[in-house]
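Please open the model in your viewer and show side chains as sticks, so that charged pairs can be followed one at a time.

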Amino acid sequence: MDLRLTNRVAVVTGGSAGIGAAIARGLAAEGAHVVLVARDAERLDEVAASIEGVRVLTVAADLTEPDAAERVATAVEAEFGGADILINNAGTGSEETILTAPDSRWQFFWELHVMAAVRLARSIAPGMKARGGGVILHNASICATQPLGYEPIYNTTKAALVMFSKCLANELIGDNIRVNAVNPGLVMTGDWIKTAKSLTEGAEQTWEQYLQKIADDNAPIGRFATPDEVADFFVFLCSERAAYSVGSTYYVDGGWLKVTT
Ligand code: NDP
C-alpha cells in the first residue's frame with residue numbers, strides 16, 4: 001500500500017524515545033521529513049542519527065512550558081515552511097492518590113497532556129491549513145476510558161486529551177485537517193522496563209516475568225505491544241489511505257478494553 005507520505009513534514013512530540021521514536025522512524029521510512037521534539041537534546045540527536053534518507057530537525061523543548069509550542073512552530077517554519085502532520089505523543093505516567101496529590105501535580109500533567117496539544121494546535125494548524133490540509137493525532141491511552149487505580153491524574157488528563165481531540169476534529173475538518181486519537185494498551189517502552197527492573201531487584205521473579213504477569217493479567221493477547229506495532233497504526237492514520245477517519249479514537253490494546261465503545 002502506497003501511503004503517499006513522501007516529502008510530508010511531520011512533527012512528533014516525544015520523538016526521542018519509545019512510541020514517538022517508533023512513529024518518527026515509521027514516517028521517515030515512508031519518505032516523510034520529521035521534526036523530533038523532547039527535552040533531552042542528546043537522546044534527540046541519537047534518534048535523529050538513526051534516521052536516514054529524509055530531513056530530520058530536532059527541537060529541544062519542555063512542552064509543559066507555555067512558550068514551547070511557539071518555539072517549535074518557529075523552528076518548523078524556518079526549516080520546512082510549515083508542517084503537514086502533528087503527532088502529540090509526549091507524555092508520562094503518574095502515581096498518586098487524589099486525596100494527597102497537590103494542585104501542582106494536577107497542573108503539571110494538565111500542561112503536559114492537554115495544554116501542550118492545545119498550544120501546538122494553535123501554533124501549527126494555521127500553517128497546515130495554508131498548505132491545503134493535514135493530520136493531527138493524539139496519543140492518549142486506554143486509561144482515558146478504563147482507569148488504572150494508581151494513576152488518577154494520568155487517567156483524567158488523558159481523558160481530557162481524547163475530548164480535546166474530538167473538539168479539535170470538529171473545528172478543523174472544514175480546513176481539510178483530520179484529527180484523531182489513539183488509545184494504546186500495554187506498550188513495551190523504557191519506563192515499563194525501568195520500573196520492572198527496580199521492583200524485581202534482588203527478587204526471585206525476573207523483570208521479564210514481572211512484565212509477563214502484567215500482560216497475562218490484563219491483555220487478552222497475553223503480551224505487550226512493541227512500539228512499532230503501535231507506530232504503524234499512527235503512520236496509517238497519517239496517510240491519505242485513512243482519508244475518511246475523522247474525530248475518532250482507536251484502541252490498539254491487545255483486547256484489554258473490557259467494553260465496546
Ligand atoms: P517514553 O517515556 O518512552 O517517551 C516519552 C517521550 O516524551 C520522550 O521522548 C520524552 O523525552 C518526551 N517527553 C516527556 N516529557 C516531556 C516534556 N515535558 N516535554 C517534551 N517532551 C517530553 O514513553 P512512551 O513511548 O511509553 O509513551 C509515549 C506516549 O504514549 C505517552 O503519552 C504515554 O502516555 C502514551 N502511552 C504509553 C503506553 C505504554 O504502555 N508505554 C500506553 C498508552 C499510552 P524527554 O524525557 O527527553 O523530554
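Begin by selecting Lys129, which, with a relative accessibility of 46%, counts as partly exposed; bear in mind throughout that this is a predicted model. From the side chain of Lys129, move to that of Asp175, since the two meet in a salt bridge with an N to O distance of 3.8 Å. Lys129 belongs to helix 4 (residues 103-130), whereas Asp175 sits in the loop between helix 5 (152-172) and strand 6 (177-184), so the pair ties together parts that are 46 residues apart in sequence. Asp175 is likewise classed as partly exposed, its relative accessibility being 25%.

Next, select Arg8 and Glu240, whose closest N and O atoms are 3.2 Å apart in a salt bridge. This pair links distant parts of the chain, with Arg8 in the segment before strand 1 (9-13) and Glu240 in the loop between helix 8 (227-238) and strand 7 (249-252), 232 residues apart. Arg8 is partly exposed at 31% relative accessibility, and Glu240 is partly exposed at 42%. Keep both selected and add Arg4, because Arg4, Arg8 and Glu240 are linked in a network of salt bridges, each such bridge requiring a Lys or Arg side-chain nitrogen within 4 Å of a carboxyl oxygen of Asp or Glu.

For the last stop, select Glu229 together with Arg223, which form a salt bridge whose closest N and O atoms lie 2.9 Å apart. Glu229 counts as partly exposed at 35% relative accessibility, and Arg223 counts as partly exposed at 36%.

How many salt bridges does the count come to? The count comes to 9 salt bridges, and the pairs visited here are among them.

Methods:
Residues are numbered from 1 along each chain as its sequence is written. This is a predicted model: local features need pLDDT of at least 70, side-chain atom pairs count only at pLDDT 80 or more; totals for chains, interfaces and linings use all residues. Side-chain values use heavy atoms; hydrogens and water are left out. Helices (H or I, at least four residues) and strands (E, at least two) are DSSP runs, numbered from the N terminus. Buried means under 20% relative accessible area, exposed over 50%, partly exposed in between (1.4 Å probe, protein chains only).
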